[in-house]
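Grab a pencil and let's work through a few exercises on one protein chain. Try each task on your own before you read the solution.

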Amino acid sequence: MSFNITGTLVSRSNTKQVSDTFKVREFAIKIDDGGKYENYAGFQAVQDKVTMLDGLNKGDQIKVHFDLRGREYEGRYFTNLTAWKVEKLDEASEAPAATPAAEPEPVPADNEALPF
């Protein structure tokens with residue numbers, strides 16, 4: 001399941017080599033949703049995606065494309081937000097984090113009756 005969200009980069013870790021074949025890097029963003037309380041989300045990047053954070057700095061406005069992944073282990077449930085693409089936003093193209101894209105109204109075909 002894929003999602004995306006925009007926010008301000010607040011932290012990023014160094015890459016951790018978990019095993020011979022697995023590496024991970026964690027980062028967090030502050031979600032700029034205009035709410036009363038500050039809202040943060042933590043993500044992970046794995047394998048070859050760990051390098052996509054190299055050109056980013058704390059305070060950069062970014063858009064994160066991620067998958068929501070969960071698993072059960074011994075009756076406990078764990079959720080990961082796994083980033084697969086991160087885009088740095090420039091000031092002019094920056095969009096609010098929680099604004100859905102507007103969908104155009106359907107146009108009736110010539111042979112359909114109008115509702116009025």
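**Exercise 1. Is F3 buried or exposed, or somewhere in between?**

*Solution.* Start with the cut-offs: buried is under 20% relative accessible area, exposed is over 50%, and partly exposed is in between (1.4 Å probe, protein chains only). F3 has 33% relative accessibility, so F3 counts as partly exposed. Next, place F3 in the chain: F3 belongs to strand 1, residues 2-12. Strands here are DSSP runs of E with at least two residues, helices are runs of H or I with at least four residues, and both are numbered from the N terminus.

Before going on, a word on the model. It is a predicted one: local features need pLDDT of at least 70, side-chain atom pairs count only at pLDDT 80 or more, and totals for chains, interfaces and linings use all residues. Residues are numbered from 1 along each chain as its sequence is written, and side-chain values use heavy atoms, with hydrogens and water left out.

**Exercise 2. Describe the chain as a whole: how many helices and strands are there, and what share of the residues is buried?**

*Solution.* Step one, count: the protein chain has 6 strands and 0 helices. Written along the sequence, that gives β-β-β-β-β-β. Step two, look at burial: of the 116 residues, 28% are buried. Step three, turn to the surface: about 8700 Å² is exposed, and 51% of this comes from carbon and sulfur atoms. Such areas come from the Shrake-Rupley method with a 1.4 Å probe, and for residues only the protein chains shown count as cover. Step four, check the contacts (heavy atoms within 4.5 Å). Among contacts with a separation of 6 or more, 52% are between residues 24 or more positions apart.

**Exercise 3. Which residues does T8 touch, leaving aside its neighbours within four places in sequence?**

*Solution.* First find T8: look in strand 1. Then check the burial of T8: its relative accessible area is 15%, so T8 is buried. Now list the partners of T8 beyond those neighbours: A28, I29, K30, D32, G59, D60 and Q61.

**Exercise 4. Follow the aromatic rings: how do F27 and F43 pair up, and how do F43 and F66?**

*Solution.* The rule first: rings of Phe, Tyr and Trp (its six-membered ring) pair if their centres lie within 6.5 Å; planes under 30 degrees apart are stacked, over 60 edge-to-face, and the rest tilted. This rule gives 3 aromatic pairs. Take F27 and F43: with 5.4 Å centre to centre and 20° between the planes, the two are stacked. F27 sits in strand 3 and F43 in strand 4, so this pair ties together parts 16 residues apart in sequence. F27 is buried at 3% relative accessibility, and F43 is buried at 4%.

Now F43 and F66: these rings are 5.1 Å centre to centre with 65° between the planes, which makes the pair edge-to-face. F66 lies in strand 5 and F43 in strand 4, so parts 23 residues apart in sequence are tied together. F43 and F66 are both buried. Finally, put the rings together: F3, F27, F43 and F66 form one aromatic cluster.

**Exercise 5. How many salt bridges are there, and which residue does R25 pair with?**

*Solution.* Begin with the idea: side chains of opposite charge can pair when their charged atoms come close. The cut-off is a side-chain nitrogen of Lys or Arg within 4 Å of a carboxyl oxygen of Asp or Glu. Counting this way gives 4 salt bridges. R25 pairs with D54, and their closest N and O atoms are 2.7 Å apart. R25 is in strand 3 (residues 22-31), while D54 is in the loop between strand 4 (39-46) and strand 5 (61-73), 29 residues away. R25 is buried at 7% relative accessibility, whereas D54 is partly exposed at 47%.

**Exercise 6. Where in the chain are D60 and K88, the two ends of another salt bridge?**

*Solution.* The closest N and O atoms of D60 and K88 are 3.8 Å apart. D60 is in the loop between strand 4 and strand 5, and K88 is in strand 6 (residues 76-88), so you have to go 28 residues along the chain. D60 is buried at 12% relative accessibility, but K88 is exposed at 51%.
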